[in-house]
Amino acid sequence: MTIKVGDKLPEAKFRVMTAEGPQVKTTDDVFKGKKVALFAVPGAYTGTCHKMHLPSIFLNAYAIKGKGVDTIAIVSVNDAFVMNAWKRDTDQRDEATFLADGNAEFTKAIGMELDASGNGLGIRSKRYSMLVEDGVVKKFNLEPAPGKVEVSGGDTLLGQL
């Protein structure tokens, strides 16, 4: 299944870091009854993700939330420890929830897996952004090339709100 506008997100589990260590959050925990701006990146700390995609999200975070978005979420096929370190290093105003999809369970369930094993990265996520309301995809912006941020950045999603 490749996710599209109008689809309900499938049930999946993410890991998030808490003071007690990694905890599970389901898709319902993240999306049910909420308006969520979800941004997916191929990998934490990778060049385009770190230097282009995340800045586009955080530069627009206040405005995105000002348009009624409850949660800004960033998902990557990395473990909770890496995602927590990346949040610490990039999210200075605590504006986003960083979701670890370490086994690509969510990514595969929505058909957004990217085989980057040729570059030594294994299975990753394609780069995209989506607006999700109560678990249903309302806007979906799939980046045609994983090394670019032309349609999946915070500015694009903000313009769609």
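**Quick tour: a charged patch, a listed site and two odd phi angles**

Glu 11 sits in the segment ahead of strand 1, which covers 13–18. Keep in mind that this is a predicted model. Glu 11 also helps form a negative surface patch, and that's a handy place to start.

**Surface charge**
- Joining Glu 11 in that negative patch are Asp 28, Asp 29, Glu 105, Glu 133 and Asp 134.

**The UniProt site**
- UniProt, in an unreviewed entry, lists Cys 49 under "active site".
- You'll find Cys 49 in helix 2, which spans residues 47–59.
- Cys 49 has a relative accessible area of just 1%, so it counts as buried, the cut-off being under 20%.

**Positive phi angles**
- Most residues other than glycine have a negative phi.
- Asp 94 isn't a glycine, yet its phi is positive, at about 50 degrees.
- Asp 94 belongs to the loop that links helix 4 (80–90) to strand 5 (96–100), and with 55% relative accessibility it is exposed.
- Ala 104 also has a positive phi, near 60 degrees, and is likewise a residue other than glycine.
- The loop between strand 5 and helix 5 is where Ala 104 sits; at 2% relative accessible area, Ala 104 is buried.

**Helix 5 and a long-range pair**
- Ala 109 is part of helix 5, residues 105–109.
- Ala 109 is partly exposed, its relative accessible area being 26%.
- Along the chain, Ala 109 and Lys 8 are 101 residues apart, while their C-alpha atoms are separated by 11 Å.

Terms used. Residues numbered from 1 in each chain as written. Predicted model: local features only at pLDDT ≥ 70, side-chain atom pairs only at ≥ 80, totals over all residues. Heavy atoms only, no water. Patch = residues over 30% accessible without salt bridge, like charges linked within 9 Å, V, L, I, M, F, W, Y side chains within 5 Å. Areas by Shrake-Rupley, 256 points an atom, 1.4 Å probe, with all protein chains shown as cover. Salt bridge = Lys/Arg side-chain N within 4 Å of Asp/Glu carboxyl O. Lys, Arg positive; Asp, Glu negative; His and termini not counted. Charge placed at Lys NZ, Arg CZ, Asp CG, Glu CD. Helix = DSSP H or I, 4+ residues; strand = E, 2+ residues; numbered from the N terminus. UniProt positions renumbered as here; feature names shortened; annotations may be inferred. Buried < 20%, exposed > 50% of the residue type's maximum accessible area, 1.4 Å probe, protein only.
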